[in-house]
Amino acid sequence: MTTALPLPRLTSARAELTREVEVVDEHGERGVVSIPAERDLTVYVDRRELVTLMTLGAQPELLVLGYLLNQRLIESAADVESITVDWEVGAAAVKTHAGIDRIEERTAKKVVTTGCGQGSVFGELMAGIDKLELPGTRMRQAQLYALVNVIRLQESTYKSAGSVHGCALFTLGQGDEAHMQCFVEDVGRHNAIDTIAGWIAMQPAERLTGGRVFYTTGRLTSEMVIKSAQMGVAIVVSRSGITQMGHEVAMRVGLCAIGRATNKRFVCYAGAERLVLQPELAGARVTSAA
């Protein structure tokens, strides 16, 4: 019988998320405001420099783990022995059990993706998406409204300092509930979704029962849609919209993409068969005066 490898050992190198700076306003008055504390983190895998990530540093170990998973450089968290983050030198040291096969070849081509912070992915962006099989998750309109309301009430760095993106993972209950399992903010939405991927990889299977729904404040680009699908998420919700390539990928893999989700309003761009509509909950349609 093959013994399963343990989950990796992780440090807990959480950094300060904001810092205070002096400003001058339009009236010439001086004051102090909070801004996000962006910092660089260089990732080394088995002593080989891989990439430098710009991040708030909220959960850097999970960010690095999720990045490796979403880049398909590792198959599971168990491939990694340890992740050690040291902010004094701005580095994350990843030690794997058996190395990464063909790492030079697989990281030779880099695609810089859209969005704040400029995410990057290795290899062909579309490679392997046709092999993704999504669960049969469906969501009621009432659950969508519940999800949006949870996000509205969530305390966040964005509310205190702005200039960051937030992402969250929800599971759907039997009734009209949507349970937030994980909430992450970072300077780029790609970092936030990678951190959530790392968090998922460290959870026991029984922790995440029920259909999964991913929420982001940012646009649904091809990168965000592909990463969501790789995490076994069949429904994504955004406060913003969707790009053409994001829409094409969502249609291709059968993912439900919902955007412009604020209050009672939303637009379902793809996969509407996964959404159980309850239009009576939306209230009367507002029409502009002639």
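Author: Buried means under 20% relative accessible area, exposed means over 50%, and partly exposed lies in between, with a 1.4 Å probe and protein chains only. This model is predicted: local features need pLDDT of at least 70, side-chain atom pairs count only at pLDDT 80 or more, and totals for chains, interfaces and linings use all residues. Residues are numbered from 1 along each chain as its sequence is written, and side-chain values use heavy atoms, leaving out hydrogens and water.

Reader: Why does Asn70 count as buried or exposed?

Author: Asn70 has 8% relative accessibility. The cut-off for buried is under 20%. Asn70 therefore counts as buried. Asn70 sits in helix α1. Helices are DSSP runs of H or I, at least four residues, and strands are runs of E, at least two, numbered from the N terminus.

Reader: What makes the link between the side chains of Asn70 and Asp194 a polar contact?

Author: The distance is 2.7 Å. A polar contact is a pair of N or O atoms within 3.5 Å; within protein, one must be able to donate a hydrogen and the other to accept it, and residues adjacent in sequence count only if both atoms are side-chain atoms. Asn70 also touches Ile193, Ala197 and Lys227, among others. Contact means heavy atoms within 4.5 Å.

Reader: Why are α1 and α5 called parallel or perpendicular?

Author: The axes of α1 (residues 60-70) and α5 (residues 189-201) cross at roughly 90° and come within 6 Å. Axes are lines fitted to C-alpha atoms, for helices over the stretch in contact, and angles run from 0 to 180 degrees between N-to-C directions. Under 35 degrees is roughly parallel, over 145 roughly antiparallel, 65 to 115 roughly perpendicular, and the rest oblique. So α1 and α5 are roughly perpendicular. Their contact includes Leu62 and Asn70 of α1, and Asp194 and Trp199 of α5.

Reader: What makes α6 parallel or antiparallel to α7?

Author: The axes of α6 (residues 222-230) and α7 (residues 244-253) cross at roughly 25°. That makes α6 roughly parallel to α7. Val225 of α6 and Val249 of α7 are among the residues in contact.

Reader: Which residues touch the most other members of the largest nonpolar core?

Author: Ile196, Phe214 and Leu255 do, in a core of 55 residues. A nonpolar core is a set of buried Ala, Val, Leu, Ile, Met, Phe, Trp, Tyr and Cys residues joined through side-chain atoms within 4.5 Å. Helix α1 gives the largest share, seven residues. A second, separate core has 17 residues, including Met139 and Val213.

Key
Lists of a residue's contacts leave out its neighbours within four places in sequence.
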